[in-house]
Amino acid sequence: MAKSLHLDRFQLGVCYYPEQWPETLWADDFRRMRELGFGVIRIAEFAWTIFEPEEGGFSFDLFDRAIALAHEHGLQVILGTPTATPPAWLTHTYPEVLNVTQTGVQYQHGMRRHYTYNAPIYRELSARIVRKLAEHYGQHPAVIGWQIDNELNCETNVFYAAADQAAFQAWGQRKYGSLDALNRAWGTVFWNQTYTDWAQVRLTGPTPSDSPNPHQALDEKRFFSDSAISFARLQSDILRELAPNQWVTTNGLYGHLDNHQLTEETLDFFSYDSYPNFSTILGSLVPDLASDPLRDRRWSWFLSVVRSISPNFCVMEQQSGPGGWTNRLAQPAPKPGQMRLWTYQSIAHGADMVLYFRWRTATMGTEIYWHGINDYHNRPNRRVAEAAQVGRELETLAQRVVGCRTTAHVAIVSDYDNEWDGELDSWHGPYTRQSVQAWFTALQFQHIPVDALYLRAVTTLDDSTQYQVLVYPHPAILTEATAALLTAYVQEGGTIIFGCRTGYKDVTGQCYMRPLPGPVAELCGVTVEDFTRIEPVERAPCLRWRDEDESIMTADGFNDILQVTAPGVDVLAEYAEGYYAGAPALVRNTVGNGSAYYYGAVFNVDSAQALLRHMGLASPVGDWLELPRPVELCIRERAATGERIIFLLNYSDAEQTIMLQKAVTDLLVEEQVQGEMVLPPYGVRMFAETDETPLASR
Ligand code: GAL
């Protein structure tokens, strides 16, 4: 059972830093927060030195006063544990807590997240400050919950300090038991990498051509994840002991961290920080997203991943202005309406608590251009007005929405092993990124809601059978256990879609000595007879559908040339060009009550759309609601009653016309509406189906 946020009442709020402002401002700030409809603030996540100005000397005065005043104003408080920012006295006295880059450079005081989870003294001092805070605030009537640290694995998610090297050796010993087993798992016989003493076992270091042992590199990421989780557990154990009536969460969604395991083992629910305006600079950060047609709508995918961890969750930081650090990340201002749109994007995807980042733009430090709701001048502005609008709207909407689950019948499947292996392995990682992007785009354009499903050791058949269709684009690492689960899913009536490069590696990242696609060859009814990498050297060949009048599409990236091995297999499309012209490229095998598709290439939006058409998949409200492309559809449903709330989000700067073929209640105005309606630029609408809605169309 996924751990989820359970609230009776939707919560809106804001991140606040009392330590950064004159105390004379606090009362006015809290009063105005209440006027905007905010009920909760998050504080203190970077304030270690205020709580512990010198080693072992503690002071709670400043936050005691701030929390008491917030409480007086009717605000609830989420307390951050301050371990993302070690005090200067700490790193000066114990420099061994400082993280080190792969090339051996030690980070220094002056930014944040420059520590390592594995330094014993950092763990000890972190445990002590958390204990002191929990002793002090664990029963405080204003404090409802705790945020552990801030954005574990943000800024950097690799750790190469001496403490990490020692912890990695211990981790390897626990995992493998013997050096022989480790040598086998890492394939060290190749290029004479065999280890003969545990002292030789290290995290990946600088290598010629930046090409470390790939099996070691995969294990290293598992180790980073385990290290972060163990650090979170250190804190959550203390909080559970001393603050049993307050919940525990953490925020962010960063690499080299199994956030599902983190949540299961240490949290009550997961929280996310949503900054969709990064889409305006994504092209410079992630080149393959330079021409992304979805831009800020892509955050709906990240929110779907968050929902796979906690179906209802908190957005601890919701973008409320242009972002920018002094030296990087500079963004344009959100357009009028966008901040509200992004708030509803989070809510549509399952958020039941949303806090804006931040109340007022900082006047000092790295983030003087990371704008909050209020400007430096602290006078009314359009962002304050927009937050007030959301606050007013939620007064009536909140109760209808809270606790409803966002639903989807299609899921894009991922797993951490492939994500981490694919960071180094350019023969599948980039393909997965392209295919996930393509499928998400195609599904968005067709208004078919989609979930993320992470396959993990604890995933059950029931977790999968709630979906009609699973898309698992390029699971290079595929175990027998996963293949058995997916085969059972298909036998029970599910549809699974694989792309090229499926099933050729085991859990260590080594290749199977068997015909591809390995453990799912029988499920797919094919083997890969031959294969070739395509781009960037060669042009992707066109595909020809055998029976259908589909438009031409290209088989991107990598081509598996297929051979049918089972009688029931339909060849749907073949390669139309190249030395393998005429060979099967896309097949469907019927197994039990379901089917398995194998596509020999990397997906693009055209091929994903063609498959959606072929499968006859359509919007779940397509029979009564016509939507143009720029509008996203989300559905939140109350399990107990089957009541559904339909969210429509217009991401474009132009008006969009929608057509309602039946009467529904417009929740913003509590009126029945039907027929043609216009969504303004960046506009949002929420509908409830009326009681008269025939169940058949639900
Ligand atoms: C988040 C972080 C905040 C703030 C914000 C804007 O990642 O948690 O503390 O830095 O980004 O950069």
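Mentor: On a 1 Å grid over the protein atoms alone, a cavity is a set of points where a 1.4 Å probe fits but cannot get out, and a pocket is an open set with protein on both sides within 12 Å along at least five of seven lines; lining residues have an atom within 4 Å of a point. This is a predicted model, in which local features need pLDDT of at least 70 and side-chain atom pairs count only at pLDDT 80 or more, while totals for chains, interfaces and linings use all residues. Residues are numbered from 1 along each chain as its sequence is written, and side-chain values use heavy atoms, with hydrogens and water left out.

Trainee: How many cavities of 30 Å³ or more does a search of the whole structure find?

Mentor: Two. The largest cavity holds about 50 Å³ and the second largest about 30 Å³, a volume being the space filled by probe spheres set on grid points joined across faces, edges and corners.

Trainee: What makes Arg307 a lining residue of the largest cavity?

Mentor: Arg307 is listed in that lining, as are His349 and Cys634, among others, so Arg307 has an atom within 4 Å of a point. The strand β22 gives the most, three residues; strands (E, at least two residues) and helices (H or I, at least four) are DSSP runs numbered from the N terminus.

Trainee: How do you know which residues of the second largest cavity count as charged?

Mentor: Asp, Glu, Lys and Arg count as charged, Ala, Val, Leu, Ile, Met, Phe, Trp, Tyr, Cys and Pro as nonpolar, and the others, Gly among them, as polar. The lining includes Lys335, Arg382, Arg383 and Glu386, and the division is two nonpolar, three polar and four charged. Helix α13 has the largest share, three residues.

Trainee: Why is the second largest pocket called a pocket and not a cavity?

Mentor: A pocket is an open set, whereas from a cavity the probe cannot get out. The second largest pocket has about 1000 Å³ of space and 34 lining residues, with Ala2, Arg307, Pro311, Gln466 and Tyr467 nearest its centre. Strand β11 supplies the largest share, four residues.

Trainee: What makes β5 and β6 edge strands?

Mentor: Two strands pair if DSSP finds at least two bridges between them. The open sheet has eight strands in the order β5-β4-β3-β2-β1-β8-β7-β6, with parallel pairing. β5 (247-249) and β6 (271-274) each have a single partner strand, so one side of each lacks a neighbour in the sheet.

Trainee: Why do β1 and β8 count as paired?

Mentor: They pair in the parallel sense over four bridges, and at least two are required, so the condition is met.
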